[in-house]
Amino acid sequence: MRWLRFLLLILVARPLALFMTGADVTGRERLPLKGPAIVAANHSSHVDTLLLLAIFPSRALARVRPAAAADYFLKDPVIGWFSRHVIGIVPVARLKAGQKADRVGEDVLAPARAALAAGDIVVVFPEGTRGDGEGDGMGQLKSGVARLAEAFPDAPVIPVWIQGAGRVLPKGETIPVPLNCAVLVGEPLAWSGERPAFMAKLRAALLALKDQAPPLRWS
Amino acid sequence: MAILDTLRAFLAAQPPALLAGLAGVVILLGVAGLVATVLTALRPDKSYLELRQRIASWWVMVALLAGALLAGWQATVAVFALISFMALREFLSLAPIRREDRPAILAAYLVLIAAYGFIAADRYMFYLVFIPVWAFLGLPFLMAMLGQTRGFLTTAATFHWGLVTCVYNLGFAAFLMRAPDAERLPAGAAGLVFFLLLVTEFNDVAQYVFGKLLGRHKIAPTVSPNKTWEGFLGGWLATGLLIWFLGPVFTPLAGLGLAVVAATLPVAGFAGDVTMSAVKRDIGVKDTSHAIPGHGGVLDRADSLTFTAPLYFHLLALFALNKF
């Protein structure tokens with residue numbers, strides 16, 4: 001299964017990402033090659049996951065695990081199998097409206113913590129869902145990433161801004177259209193000891209990367 | 001040994017002038033690489049990273065294009081289709097496009113496939129009218145059916161500009177590969193394409209070098225502040241002479257036809273460079289992407305080619321080729 005995943009990522013995901021997005025990466029050398037490490041990216045499309053899996057060097061690929069919503073990706077058995085074994089997702093149980101946080105509590109991040117403890121590189125989308133690129137292009141950040149950083153204070157948190165994936169395949173569309181995407185990898189952030197301050201630092205780092213990205217004329 | 005024999009037979013079947021030309025380019029790149037290595041060793045305080053990246057990228061581009069030219073028209077058409085695709089993708093990614101236009105973007109890629117299909121099928125008349133007439137009308141019609149009228153004319157013009165420069169004009173370079181042997185070409189059809197690429201890129205480099213050495217008077221200060229009259233004229237003279245002396249080796253051009261190509265092609269290269277600079281300045285970027293390390297995007301490298309390819313093709317058609 002590990003080999004199947006590796007071959008599919010190298011032979012299918014990479015050429016596909018290159019064809020659909022041009023995979024224009026700045027700062028590739030700042031991507032972590034070994035875990036535990038956390039990559040925190042903005043989220044506007046399923047293309048984000050494809051693109052992030054495509055830009056890691058081959059020797060790090062086995063370690064890269066995108067965190068993904070269990071309710072969305074594991075509800076269908078076929079997509080669930082694909083998500084677990086090919087994409088290699090770390091399932092995150094999102095809280096439904098009305099669900100009590102204390103009932104699910106800390107457990108939603110257990111698989112992600114287990115992956116970090118095993119030395120994996122966990123890719124998280126702190127917005128929690130795909131945004132529509134309105135406003136400053138980024139939704140509210142959920143603090144799960146800060147809780148992971150707190151649990152693994154030595155794991156670097158690498159901010160990544162992905163520009164343009166929302167045009168290739170916006171939320172709700174089914175047909176992707178090839179358009180260039182820029183991926184900007186920032187300097188790793190260290191756990192600062194306090195959640196709100198850490199989240200503010202992450203948000204500022206992501207927006208600073210966005211400012212370096214080519215303009216998106218999309219109206 | 002069988003492989004060596006096959007290789008020897010393959011090379012023996014190629015026009016000698018084409019092989020000599022390619023060997024010349026390889027030697028030129030080797031010398032450039034040597035100079036960069038010596039510079040790096042002599043002056044460790046300065047960074048020559050971009051120069052070395054540039055030369056490394058040249059090796060990749062030369063290998064890709066030389067391989068395609070030697071392999072024949074199918075491979076060359078495929079490589080140019082890829083170049084057009086990457087250039088068009090860069091253009092449409094940077095241009096102001098409306099949310100509703102995603103189907104029109106998809107249609108633009110289908111136009112690219114059809115246009116290169118006409119080249120592969122050797123249907124010259126179809127190729128000539130397809131983008132300037134039918135894509136010109138069809139894409140805006142599709143956009144109208146998509147129902148968004150805000151910024152309609154601007155967007156229609158944007159699509160057409162991208163398709164003509166990135167697909168139609170670059171496609172002429174590929175179409176030269178369909179020139180038949182009956183035309184008495186001194187270095188085959190591949191020699192025609194090789195010469196176009198050689199002189200266009202030589203002109204880019206020569207204008208840059210003359211500008212760096214002698215540049216005083218700005219020629220287009222608001223669009224390209226680094227371009228100077230000295231660079232333009234020096235590049236014109238150097239490229240014109242190159243065309244005049246090497247033209248007969250690779251093309252059937254002679255006399256008046258050769259003189260016209262020598263006089264106009266360097267100007268077209270300059271025009272392509274400056275015009276694409278204006279587009280980039282309007283969009284607000286310096287480079288169209290980072291697809292080619294040290295050079296920028298495909299469109300940054302191919303900007304002058306979008307102007308020189310159709311000019312070269314039409315002058316060849318006018319003065320030398322019976323088929324077109």
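What percentage of the 219 residues of chain A count as buried? Keep that question in mind as you open this predicted model and select chain A, where 43% of the 219 residues count as buried.

**The whole of chain A**

With chain A displayed on its own, turn it along its principal axes, and you will find that its C-alpha atoms fill a box of roughly 45 × 40 × 35 Å. The radius of gyration of chain A is 16 Å, which agrees with the value near 17 Å that a compact globule of 219 residues would have. Switch to a cartoon view, in which the secondary structure of chain A comes to ten helices and seven strands. If you draw the contacts between residues at least 6 apart in sequence, 74% of them join residues at least 24 apart.

**The sheet**

Next, select the strands of chain A, seven of which form an open sheet with mixed pairing, and follow them across in the order 1-7-6-2-5-3-4. At the edges stand strand 1 (24-26) and strand 4 (90-92) of chain A, and because each has a single partner strand, one side of each is left without a neighbour in the sheet. As you look from one strand to the next, the twist averages 25°.

Now narrow the selection to residues 37-41 and 157-163 of chain A, which are strand 2 and strand 6; these two strands run parallel and are joined by four bridges. To see one pair of bridge partners, pick A:A40, whose partner in strand 6 of chain A is A:P159.

**Helices against the sheet**

Add residues 144-151 of chain A, and helix 8 appears, packing on the sheet where it touches strand 2, strand 5 (121-124) and strand 6, with its direction at about 165° to that of strand 2 of chain A. Then add residues 195-212 of chain A, which make up helix 10; this helix lies across strand 2, strand 6 and strand 7 (182-185) of chain A and runs at about 40° to strand 6.

**A stop in a loop**

Move on to A:D107, which you will find in the loop between helix 6 (101-104) and helix 7 (110-117) of chain A. Is A:D107 buried or exposed? A:D107 counts as exposed, because it has 10 C-beta neighbours inside 10 Å. Select A:A93 as well, since the C-alpha atoms of A:D107 and A:A93 lie 8.4 Å apart, although the two are 14 residues apart in sequence.

**Where the chains meet**

Finally, bring chain B back into view and select the contact, which takes 13 residues from chain A and 20 residues from chain B. The side of chain A that touches chain B has six nonpolar, five polar and two charged residues.

Note on methods
Residues are numbered from 1 along each chain as its sequence is written. Chains are lettered from A and ligands numbered from 1 in the order in which they are written. This is a predicted model: local features need pLDDT of at least 70, side-chain atom pairs count only at pLDDT 80 or more; totals for chains, interfaces and linings use all residues. Two residues are in contact if their C-beta atoms, placed from the backbone, lie within 7 Å. Ala, Val, Leu, Ile, Met, Phe, Trp, Tyr, Cys and Pro count as nonpolar, Asp, Glu, Lys and Arg as charged, and the others, Gly among them, as polar. A residue is buried if 20 or more other C-beta atoms lie within 10 Å of its own, exposed if 12 or fewer, and partly exposed in between; C-beta atoms are placed from the backbone. Two strands pair if DSSP finds at least two bridges between them. Axes are lines fitted to C-alpha atoms, for helices over the stretch in contact, and angles run from 0 to 180 degrees between N-to-C directions. The radius of gyration is taken over C-alpha atoms; the globule rule is 2.2 Å times the number of residues to the power 0.38.
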